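Colleague: I have a new model open and would like to learn how to read it. Could you take me through it, feature by feature?

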Amino acid sequence: MNTRSLSFRLVTWYAGVLTLVFVVLGSLTLIFLRHYLESAVLDTQARRARQIADTLLASVDRTGEQAITRQVEELYSPQVNDRFIRITGTRGRVLYISGPPHDGTFVPADVARPEAASFDRQGVFERRESVRSGSVLIGAVASRNYIVEVGVSTQRTEETLSQVLLLLAVGLPVGVLIAVSGGFVLVRRALKPVNRIAQKAEDISQHNLSERLPVVQSGDELERLSISLNNMIARLEDAVQSSKRFVADASHELRTPLTVLRGELESLAQDVQLKAHTRESLGSLLEEVDRLAEVVESLLALSKLDAGEASAERVRFDLAELVTTTAEQMSLLAEDKNIRVECDAARNVIVEGDRSRMKQVVVNLLDNAIKYTPNGGNVLLRIARESDNAILEVADNGVGIPADALPHMFKRFFRVDDSRSREQGGAGLGLSIVKSICAAQGAEVDVTSRPGGGSCFRVRQPLARGV
Ligand SMILES: Nc1ncnc2c1ncn2[C@@H]1O[C@H](COP(=O)(O)OP(=O)(O)OP(=O)(O)O)[C@@H](O)[C@H]1O
Ligand SMILES: [Mg+2]
């Protein structure tokens, strides 16, 4: 699971907040419940104390103080009911104190006497008294010269609170778990279109800028986002189209003046009265015009490829035959530099595509191999079949390519060593043409190289079906 994903962070945040809310609510519930239960118990005790004061003590003058013990035992049986009852007379004399309760939750003698000053104006004093084994909730009433105290252990209240606590302790994680699972499903569902948009956006490149991202008509931010992105892609498409159109138009427009320029320069050069240095200048001018014409032709070829014209013609042809004849045609170039070109070709490597474009691939790769290999070097062409693919390898033992340049080899106008490549007449467009042709034919091209140890360009094209 990706811990940095939006869904993970949202759900974690949601779970954290939910747990905090539940814990705070649970704690408040416990505090209020304790307060409510204790005050209810205290009120009951105070009422009972008042009852004793009003009934038994009202008639004490008649019955005598000794009768009190019997009457309390008979009417309230404090021991059996786990109650604490104490009746204190004048000067702190204890008239009656109940015995230890059955449940043994407190020792009556441990319960401290109340201060006379603690009673309110109605003569009532409710309190919580700590004893050795816990606490006792006591309602005390001061009436005439007597203080009647009735109490009960807090054990029952504590038990109820523990049960509520247990319920919360189990219920809280279960509640959080259910809420988080629900939240996770919701977030995942809500973010699903984001994944689809991202996937589609990754697939869109300059070659398929006419495609658009899916728009989920949900009326939410995601709909707005995909519409905005689609508008952006449309603007990009427009910009790319106009830049391609500009390159195509410019190179097309440059062709004619260059041809005229070449013709004029050639006719000037034929003038026999020309001085030697003028003839030399004309020669180098002609060379530059040729170079310019080559660049213009390459640009035109690239803009045609961009426009998708490369895949217009699809025929079956033998790649091995194409490579060997091309190598023969280019043998003069190799001979000039005393480079040995070897051809290791399997027979009948039939592929389907545009033959003249594939020839251009071979020409460009072989031209580079010869150009960037010093005199006396070797170039090996290998054509083979590997499972369903035809493989063309152009390997040389020339200057090689530094590792940091390898990822940029197929970019337009990229040259490893600008000055050296310019000397050799290159514009840096040959390999981008190779790449574009390969892409249009469903082929792939890559390169491996070692500086000083030569390079190997490898084209992989699917074999024609049924071969
Ligand atoms: N076989 C090779 N060995 C060493 N370097 C190479 C090889 N092939 C290409 N390169 C390097 O890659 C650069 C780009 O090659 P690319 O064919 O695109 O352009 P170019 O040969 O300079 O010019 P163009 O092909 O347009 O005339 C070259 O300038 C050269 O530095
Ligand atoms: Mg080249």
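**Reading the model**

Modeller: Start with one residue: beyond its neighbours within four places in sequence, Thr 157 is in contact with Leu 37, Glu 38 and Leu 137. Keep in mind that this model is predicted.

Colleague: Where does Thr 157 sit, and is Thr 157 buried or exposed?

Modeller: Thr 157 is in helix H4. The cut-off for buried is under 20% relative accessible area. Thr 157 has 6%, so it counts as buried.

Colleague: How do I check the length of helix H4?

Modeller: Allow 1.5 Å a residue. Helix H4 covers residues 155-203, which is 49 residues, so it should span 72 Å. Its end C-alpha atoms are 70 Å apart, which agrees.

Colleague: Where does H4 kink?

Modeller: At Leu 191, by about 35°. The proline Pro 193 comes shortly after that kink.

Colleague: Which residues of H4 are buried, and what covers them?

Modeller: First, the general idea. An α-helix has 3.6 residues a turn, so residues three or four places apart point the same way. Now the case here. The buried residues of H4 include Thr 157, Leu 161, Val 176, Val 180, Gly 183 and Val 187. Pro 193 and Ile 197 are buried too. Their cover includes helix H1 (6-55), strand S4 (134-143) and helix H5 (221-269).

Colleague: Can we try the length check on another helix?

Modeller: Take helix H6, residues 276-306. Its 31 residues should span 45 Å at 1.5 Å a residue, and its end C-alpha atoms are 45 Å apart, which agrees. Among the buried residues of H6 are Leu 282, Leu 286, Val 289, Val 296 and Leu 300. H5, H9 and H11 are among the elements that cover the buried residues of H6.

Colleague: What follows H6?

Modeller: Gly 308 does, with a positive phi near 85°.

Colleague: Which residues other than glycine have a positive phi?

Modeller: Ser 77 is one of them, with phi near 30°. Ser 77 lies in the loop between helix H3 (66-76) and strand S1 (83-88). Its relative accessibility is 25%, so Ser 77 counts as partly exposed. Ser 387 is another case, with phi near 45°. Ser 387 lies in the loop between strand S9 (378-386) and S10. Ser 387 is exposed, because its relative accessible area is 68%.

Colleague: How about helix H9?

Modeller: Helix H9 runs over residues 355-371. Those 17 residues should span 24 Å at 1.5 Å a residue, and the end C-alpha atoms are 24 Å apart, which agrees. The buried residues of H9 include Arg 357, Met 358, Val 361, Val 362 and Asn 368.

Colleague: Which residues come nearest to ligand 1?

Modeller: Asn 368, buried in H9, is one of them. The others are Tyr 372, Asp 396, Leu 429 and Leu 431. In total, 21 residues are around ligand 1.

Colleague: What polar contacts does ligand 1 make?

Modeller: Look for pairs of N or O atoms within 3.5 Å. An oxygen atom of ligand 1 is 2.8 Å from a polar backbone atom of Leu 431. An oxygen atom of the ligand is also 3.0 Å from a polar backbone atom of Gly 428. With Ser 455 the partner is a side-chain N or O atom, 3.3 Å from a nitrogen atom of ligand 1.

Colleague: And Ser 432: where is Ser 432, and what does Ser 432 touch?

Modeller: Ser 432 is in helix H11, residues 430-441. At 3% relative accessibility, Ser 432 counts as buried. Setting aside residues up to four places away in sequence, Ser 432 touches Leu 302, Phe 410, Lys 411 and Arg 412. Leu 302 is itself one of the buried residues of H6.

Colleague: How is the chain divided into domains?

Modeller: The domain assignment gives domain 1 (6-161), domain 2 (221-306) and domain 3 (315-462). The C-alpha centres of domain 1 and domain 3 lie 100 Å apart.

Colleague: What separates Thr 90 and Asp 404?

Modeller: Along the chain, 314 residues; between their C-alpha atoms, 105 Å. Thr 90 lies in the loop between S1 and strand S2 (94-97). Its relative accessible area is 35%, so Thr 90 is partly exposed.

Technical notes: Residues numbered from 1 in each chain as written. Chains lettered and ligands numbered in written order. Predicted model: local features only at pLDDT ≥ 70, side-chain atom pairs only at ≥ 80, totals over all residues. Heavy atoms only, no water. Helix = DSSP H or I, 4+ residues; strand = E, 2+ residues; numbered from the N terminus. Expected span 1.5 Å × (residues − 1). Bend = angle between axes of the 7 residues up to and from the residue. Buried < 20%, exposed > 50% of the residue type's maximum accessible area, 1.4 Å probe, protein only. Contact = heavy atoms within 4.5 Å. Domains from an automatic or database assignment. Near = heavy atom within 4 Å. Polar contact = N/O pair within 3.5 Å; in protein donor to acceptor, adjacent residues only side chain to side chain.
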